[in-house]
Amino acid sequence: MRNVNDITREQWLQECFPEWGRWLIEDIEECEVRPGSFTAWWLGCTGIWIKSEGNCNICIDLYSGVSKTTHYKWPEGHRGPNFQLGRIAGSNGIHMNPRNIPHVIDPFQIKQIDVFMATHDHADHMDMYSTAAVLKLPGVPFVGPKFSADKWRGWGVPDERIIEVKPGDVLHFKDVEIVVLDSFDRTALVTAPPQGSIVGRFPGDMDERAVNYLIKTPGGSFYHSGDSHFSDYTLRHGKMYDIDVAIAAFGENPKGISDKITASDVLRMADNLGCKVMIPVHYDIWPTFYTDPHEIKLLYDYKKEMMEYKFNLYIWAVGGKFTYPDDAGRKRYSYPRGFDDAMENEPNIPFKSFL
Ligand SMILES: [Fe+2]
């Protein structure tokens with residue numbers, strides 16, 4: 001037996017983090033995707049893992065970083081005049097920004113992945129840790145818009161591992177087609193660079209900063225909207241593509257900031273996309289934006305008859321699995337409760353009436 005007097009902080013960090021260890025990776029590795037379906041896992045924030053029936057494994061926006069861990073030392077650009085939310089609000093204030101969810105993926109334990117993708121270069125959508133881990137897997141391409149590609153290059157990812165994409169590009173991996181689409185992430189447009197005042201300056205090209213993706217598997221399609229806001233162009237995507245499952249970056253905004261999309265716009269996004277299932281994400285990751293996604297359900301139930309909604313609203317949980325079309329009609333994720341063999345053997349208790 002170990003003695004507590006020998007336990008160090010380093011051991012605690014080594015043995016207790018990442019919180020989920022190999023659990024979810026084992027689930028993914030062992031999952032056999034039935035023909036005519038695909039399976040996705042929510043990794044937190046807008047992190048999504050998709051596995052196709054042809055065993056194509058796609059990881060988008062995995063965030064293995066940690067963000068702010070003290071009130072007092074914030075990295076340059078994470079508050080103040082060059083911080084995008086500070087720019088929007090004209091604020092230099094501190095906001096509560098420690099990571100709010102466990103690490104459900106240990107990136108250094110990933111053994112098989114076909115493509116590693118980012119929608120944009122914000123710190124909660126790509127990080128050095130998962131980049132370092134995936135770089136050790138021979139040949140796995142890094143796919144993202146110019147700003148993401150530049151960040152990967154700056155971190156030491158060689159050019160031959162990077163596929164820089166823009167809307168209109170189409171990529172193929174095994175049995176999956178990936179269509180690169182416009183992003184509607186207005187926060188990305190006010191993100192530095194450039195530093196300093198941007199008053200009266202036209203922002204740079206959105207296509208270089210952020211993209212959305214449509215992941216087309218033989219068993220259905222998944223629309224990854226990154227941190228896109230609602231746009232009237234959302235309808236264009238809905239008219240151009242057959243979208244089965246979509247995610248939206250939902251959250252409760254602090255006063256003076258419009259960054260995450262509201263419950264009302266999550267429903268508008270789904271209605272305009274014509275998707276079959278809409279899943280809100282991103283509200284989980286930051287305390288500043290944290291909220292209860294069932295607000296969307298209240299609004300959905302209130303409006304669905306009047307608006308003749310054709311889509312289903314699904315409330316997921318971080319680390320949870322979603323299979324399309326099997327789960328398309330479900331309303332809410334529930335972690336498996338386990339103990340499937342309960343009462344198949346004689347319980348080991350003092351006497352039967354104990355139970
Ligand atoms: Fe984000």
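## Strand β12 and its surroundings

Strand β12 (residues 277–281) is largely enclosed by the rest of the structure, because five of its five residues are buried, where buried means that 20 or more other C-beta atoms, placed from the backbone, lie within 10 Å of the residue's own, exposed means 12 or fewer, and partly exposed lies in between. Val-277, Ile-279 and Val-281 point one way from β12, Met-278 and Pro-280 point the other way, and all are buried. Strands here are DSSP runs of E with at least two residues, helices are runs of H or I with at least four, and both are numbered from the N terminus.

This is a predicted model, in which local features need pLDDT of at least 70 and side-chain atom pairs count only at pLDDT 80 or more, while totals for chains, interfaces and linings use all residues. Residues are numbered from 1 along each chain as its sequence is written.

## Pairing within the sheet

Strand β11 (residues 245–249) runs parallel to β12 and is joined to it by five bridges, two strands being taken as paired if DSSP finds at least two bridges between them. Within this pairing, Ala-248 has Pro-280 of β12 as its bridge partner. On β13 (residues 312–313), two bridges connect to β12, again in the parallel sense, and Asn-312 of β13 stands opposite Val-277.

These strands belong to an open sheet of seven strands with mixed pairing, in the order β7-β8-β9-β10-β11-β12-β13. Its edge strands are β7 (170–173) and β13, each of which pairs on one side only. The antiparallel part of the pairing includes β9 (residues 211–217) and β10 (residues 220–224), which share five bridges, with His-224 in β10 as the bridge partner of Tyr-213.

## Helix α9 and the nonpolar core

Helix α9 (residues 263–273) combines with β11 and β12 in a right-handed β-α-β unit; right-handed means that, with the strands pointing away from the viewer, the path from the first strand over the helix to the second runs clockwise. The helix lies across β10, β11 and β12 and runs at about 150° to β11, the angle being taken from 0 to 180 degrees between the N-to-C directions of lines fitted to C-alpha atoms, for helices over the stretch in contact.

The largest nonpolar core has 77 residues, and those with the most contacts inside it are Ala-246, Val-266, Cys-275 and Met-278. The largest share of this core, six residues, comes from α9. Such a core is a set of buried Ala, Val, Leu, Ile, Met, Phe, Trp, Tyr and Cys residues joined through C-beta atoms within 7 Å. Leaving aside neighbours within four places in sequence, Met-278 is in contact with Ala-246, Ala-248, Val-266, Ala-270, Phe-311 and Leu-313, contact meaning that the C-beta atoms, placed from the backbone, lie within 7 Å.

## Strand β3

Strand β3 (residues 57–60) is covered on both faces, with Asn-57 and Cys-59 on one side, Ile-58 and Ile-60 on the other, and all of them buried. It pairs in the antiparallel sense with β2 (residues 47–51) over four bridges, and it runs parallel to β4 (residues 115–117), to which three bridges join it. Cys-59 is the bridge partner of Trp-49 and also that of Phe-116 in β4. Five residues separate β2 and β3 in their hairpin, and Asn-55 in the turn has a positive phi of about 60°.

## The chain as a whole

The protein chain contains ten helices and 14 strands, and 39% of its 355 residues count as buried.

Terms used. Contact = placed C-beta atoms within 7 Å.
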